Amino acid sequence: MGSAKPIFRDLSADDPEPETTEIESLCMNCHANGITRILLTKIPFYKEVVLMSFSCDTCGYQNNEIQSGASVNLEGVRITLRVETQADLNRQLVKSDYTSIKIVELDFEIPAKSQKGEVTTVEGVINRSIAGLEQDQDLRKIQHPEAAAQIEEFIQKLQNLKEIKSPFTLILEDISGNSFIENPQAPQKDPSCTSHWFKRSKEQDHELGVFTREEVREKESGILQPIAEDQFTLEDLQGEVLQFGTNCSGCGSPCQTNMKMTNIPHFKEVVIMATTCEMCGHRTNEVKSGGGIEPTGVHMEVDVNGREDFSRDVLKSETCDLKIPQLELEVGPHALGGRFTTVEGLLVAIKEQLNDPKHSHMFGDSQNPASKARLDDFFTKFDQVLEGEFRITLVLDDPAGNSYIQSMGDGDTGLRITRYERSYDQNEELGLNDIKTENYTS
């Protein structure tokens with residue numbers, strides 16, 4: 001038997017003949033039979049994709065298409081970029097089929113599902129818009145000269161955007177959450193770009209093909225079965241490691257996830273999930289709170305002055321932001337997910353993710369020298385932190401209040417914890433503003 005390989009493989013010169021699937025299919029041009037070739041692979045700066053190429057020997061018609069092979073994110077994303085310099089036009093941009101693009105100053109919008117997903121630049125988006133408007137323009141000048149003149153005027157406005165005669169705002173809104181704009185200041189925070197994650201509506205979920213169990217109306221013969229009220233007691237769940245099938249987030253191959261409930265002393269119960277893929281070796285671990293959202297948010301600062309501080313236990317929930325002011329580093333809640341580890345383990349996880357081109361959107365052959373030098377300097381300082389030679393302050397801010405840092409005792413001056421009232425926007429992001437608690441009856 002040959003060695004097992006991941007379903008989605010990296011494009012590499014070391015693997016010149018990746019497996020392709022050939023399917024005989026109908027040519028939409030001449031209605032003869034042609035061949036569709038399908039390749040599952042991973043594209044740097046993007047995700048797992050399905051490449052499809054059709055060719056017809058009868059009429060010579062060819063067609064290529066790319067579709068995302070990755071799972072749909074739990075939330076949608078809205079990315080707002082203020083384009084002020086030529087460097088902003090060169091930012092790499094990833095959009096899915098479900099991405100709508102807006103240029104606020106021109107009141108211009110490209111609707112979702114009107115274009116296929118692509119990996120391009122901000123300037124590439126403008127060029128594609130210009131090319132679309134110029135299509136059939138010659139015929140339009142003859143049949144509808146007034147409309148052609150208005151389109152010509154608008155095309156000139158798009159051309160002016162490429163010359164940065166005045167700053168403009170570009171907004172990407174993607175209900176699938178699979179869009180991205182490069183941060184040239186990485187790993188520092190991007191001053192010109194902000195990302196906002198939002199809960200999808202029921203209609204948006206249906207557009208993506210996501211349905212709840214009640215909507216699917218599962219029958220007793222379905223894969224997922226409801227658990228009887230007394231089938232598993234709390235003691236059974238706490239003392240047993242549960243296992244269920246899933247797909248690897250790295251290569252898409254079937255694998256197993258282990259899940260266990262545990263109790264963190266002086267805190268609360270948490271659910272720990274760990275997945276290991278035997279195909280590609282990818283490992284993930286995630287922690288979710290076993291309780292609800294706390295009444296207040298929590299802001300924690302811990303001084304890391306040496307290796308003795310690395311042993312503190314840390315629970316970072318999936319809603320927690322992380323900052324290291326001395327390194328000008330800010331990590332959003334979606335970057336690392338939920339983790340139960342130590343201060344050292346958390347720092348190592350941050351470095352591994354930043355330094356892994358397959359899971360970050362910062363690195364690659366196209367990286368400019370200035371960015372590379374800045375990142376090299378950043379990793380040098382990060383190594384000094386891990387060696388205990390560079391003092392930092394680790395800042396965790398969790399609006400849900402489900403994060404925790406171990407205290408070394410009553411006189412622990414290196415740990416500062418502050419609880420605060422959440423803002424309306426924070427409650428909105430946690431979905432609390434829509435929860436009805438007054439006069440509630442079953």
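Helices (H or I, at least four residues) and strands (E, at least two) are DSSP runs, and their numbers count from the N terminus. Keep that in mind for the loop between helix 4 and strand 11, where you'll find I164. One more thing before the views: this is a predicted model.

**View 1. I164 sits in a loop and has a positive phi.**
The loop in question links helix 4 to strand 11. I164 isn't a glycine, yet its phi is positive, at about 50 degrees. Is I164 buried or exposed? With a relative accessibility of 17%, I164 counts as buried, because the cut-off for buried is under 20%.

**View 2. The whole protein chain, for orientation.**
Let's zoom out for a moment. The protein chain has 442 residues, and 36% of them are buried. You can count eleven helices and 25 strands in the chain. About 26,100 Å² is exposed, with carbon and sulfur atoms supplying 49% of that area. Now take the contacts between residues at least 6 apart in sequence: 63% of these join residues at least 24 apart.

**View 3. Five strands make an open sheet.**
Strands of a sheet pair through backbone hydrogen bonds, and they can do it in parallel or antiparallel fashion. Here the pairing is antiparallel, and the strand order reads 9-8-11-6-13. At the edges you'll see strand 9 (108-110) and strand 13 (193-198), each pairing on one side only. On average, neighbouring strands in this sheet are turned by 15 degrees against each other, direction ignored. Look at strand 6 (residues 76-83) and strand 11 (residues 168-174): seven bridges join this antiparallel pair. To find your place there, look for R82, which stands opposite T169 in strand 11.

**View 4. Helix 2 lies across part of the sheet.**
Helix 2 covers residues 122-134. Which strands does helix 2 lie across? They are strand 6, strand 8 (99-103), strand 9 and strand 11. Helix 2 runs at about 95 degrees to strand 9, so the two are roughly perpendicular, a label used for 65 to 115 degrees.

**View 5. Helix 2 packs with helix 4.**
Two packed helices are described by the angle between their axes and the distance between the axes. For helix 2 and helix 4 (residues 145-162), the angle is about 165 degrees and the axes are 10 Å apart. That makes the two helices roughly antiparallel to each other, since angles over 145 degrees get that label. Their crossing is left-handed. On the helix 2 side, the residues that meet helix 4 include I126, I130 and L133. Among their counterparts on helix 4 are I151, F154, I155 and L158. While you're here, spot G132, which also belongs to helix 2. G132 is partly exposed, at 43% relative accessibility. G132 and I155 are 23 residues apart in sequence, with their C-alpha atoms 10.0 Å apart in space.

**View 6. Helix 9 packs with helix 10.**
Here's another helix pair: helix 9 (residues 343-354) and helix 10 (residues 369-386). Their angle is about 160 degrees, and 11 Å separates the axes. Helix 9 and helix 10 are therefore roughly antiparallel, and they cross in a left-handed way. Helix 9 brings L347, V348, I350, K351 and L354 to the contact. Helix 10 answers with F378, F379, F382, D383, V385 and L386.

**View 7. Strand 3 pairs with strand 2 and with strand 4.**
Strand 2 (residues 21-26) and strand 3 (residues 33-42) run antiparallel and are joined by six bridges. S25 stands opposite G34 in strand 3. Six residues lie between the strands of this hairpin, and H31 is in that loop. The phi of H31 is near 65 degrees, a positive value in a residue other than glycine. H31 is exposed, with a relative accessible area of 55%. Strand 3 also runs antiparallel to strand 4 (residues 48-55), with eight bridges joining them. There, L39 stands opposite L51 in strand 4.

**View 8. V298 is a buried residue in strand 18.**
Strand 18 covers residues 297-304. How much relative accessible area does V298 have? It comes to 1%, and V298 counts as buried. Leaving out residues up to four places away in sequence, V298 touches several others, including L396, D398, S403, I417 and Y420. The C-alpha atoms of V298 and R422 are separated by 9.3 Å, although these residues are 124 apart along the chain.

Notes:
Residues numbered from 1 in each chain as written. Predicted model: local features only at pLDDT ≥ 70, side-chain atom pairs only at ≥ 80, totals over all residues. Heavy atoms only, no water. Pairing = 2+ DSSP bridges. Axes fitted to C-alpha atoms, helices over the stretch in contact; angles between N-to-C directions. Contact = heavy atoms within 4.5 Å. Buried < 20%, exposed > 50% of the residue type's maximum accessible area, 1.4 Å probe, protein only. Areas by Shrake-Rupley, 256 points an atom, 1.4 Å probe, with all protein chains shown as cover. Parallel < 35°, antiparallel > 145°, perpendicular 65-115°, else oblique. Left-handed = near helix turned anticlockwise from the far one by under 90°.
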